[in-house]
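Open the structure in your viewer and switch to a cartoon view. We will move from the whole chain to single residues.

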Amino acid sequence: MNIAMKRIVLAALAAASVAGTLSACVPLIMGGAVVGGSLVATDRRTSGAQLEDQGIELRAVNRIQENLGDRVHVNVTSYNRQVLLTGEVPTEQDKQLVEQVVSKVENVRAIVNELGVMGNSTLTQRSSDSLVSAKVKASLVDAKDLYANAFKVVTERGTTYLLGRVTQREADRAAEITRSVNGVQRVVRIFEIISEDELQRLLPQPGTPPAAASKPANGG
């Protein structure tokens, strides 16, 4: 087994294990990265913004649970205070109610509501989605012209969502790579586009090669 394949397998196993464990306990899964040393160093949000995103996710999940209980399966992913809602709800009214509940969470500035009106996805489907996300992340790492930790990847029922603060060039390149990954049925971009000049200000200090900066972090 080559190094790239080992990386995909290990990432997929970790992602599937976490997804399976959380799904077995509660119908609400909070998406998002764990803030660790390497992620903070390469994430293009400020450390304060990363912590705020974690807080938004926690508060949103709790309030959805309080208002809708176990009848919905909602994933909440916040990036720079823009919230992506994925998962399943039984009715259109529930879909709108989830959005209303999340819109009242402190510091949420925008919501992208991608909830499906249908029965909850199965554990098999969620594991498949975790594997797809792991393969996308590994492909972004292998692309030496991208900083993989600038992207957050979420997959739901075969649709892969890409979030991050990136240039138009990076956005186009990441979408191109993601579309080529087996299992990806659709790619949705939820990017904040920055200029090339701003990118240069955000890049690691001279002497740090892109390959090193692209080293994956937990949940990135």
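How many helices and strands are there in the chain? Count 8 helices and 8 strands. Keep in mind that this is a predicted model.

**Stop 1: the whole chain**

Select everything and show the surface. The chain exposes about 10500 Å². Carbon and sulfur atoms supply 54% of that area. Of the 220 residues, 48% count as buried. Now think about contacts between residues with a separation of 6 or more: 72% of them join residues 24 or more positions apart.

**Stop 2: an open sheet**

Select residues 151–156, 159–166 and 186–193. These are strands S6, S7 and S8. They form an open sheet in the order S6-S7-S8, with mixed pairing. Which strands stand at the edges? S6 and S8 do. Each has a single partner strand, so one side of each is left without a neighbour in the sheet. Look along the sheet next: neighbouring strands are turned by 15° against each other on average, direction ignored.

Zoom in on S7 and S8. They pair in the parallel sense over 8 bridges. Pick Leu162 and find its bridge partner in S8, Arg189.

**Stop 3: helices across the sheet**

Select residues 168–179, helix H6. H6 lies across S6, S7 and S8. The helix runs at about 165° to S8.

Now select residues 123–142, helix H5. H5 lies across S6 and S7 and runs at about 155° to S6. Does its length fit or conflict with its residue count? At 1.5 Å a residue, the 20 residues of H5 should span 28 Å. Its end C-alpha atoms are 29 Å apart, which agrees.

Colour the buried residues of H5. Among them are Val132, Val136, Leu140 and Val141. The buried set also includes Arg126, Asp129 and Lys135. As you look down the helix, remember the general rule: an α-helix has 3.6 residues a turn, so residues three or four places apart point the same way.

**Stop 4: a covered strand and its hairpin**

Select residues 73–79, strand S2. How many of its residues are buried? The count is 7 of 7. Both faces are covered. His73, Asn75, Thr77 and Tyr79 sit on one side, and Val74, Val76 and Ser78 on the other.

Add residues 82–89, strand S3. S2 and S3 run antiparallel and are joined by 7 bridges. Find Asn75, which stands opposite Thr86 in S3.

Finish at the turn. The hairpin of S2 and S3 has 2 residues between the strands. Click Asn80 there: this residue takes a positive phi near 55°.

Key:
Residues are numbered from 1 along each chain as its sequence is written. This is a predicted model: local features need pLDDT of at least 70, side-chain atom pairs count only at pLDDT 80 or more; totals for chains, interfaces and linings use all residues. Side-chain values use heavy atoms; hydrogens and water are left out. Helices (H or I, at least four residues) and strands (E, at least two) are DSSP runs, numbered from the N terminus. Buried means under 20% relative accessible area, exposed over 50%, partly exposed in between (1.4 Å probe, protein chains only). Contact means heavy atoms within 4.5 Å. Accessible areas come from the Shrake-Rupley method with a 1.4 Å probe; for residues, only the protein chains shown count as cover. Two strands pair if DSSP finds at least two bridges between them. Axes are lines fitted to C-alpha atoms, for helices over the stretch in contact, and angles run from 0 to 180 degrees between N-to-C directions. The expected span of a helix is 1.5 Å times one less than its number of residues.
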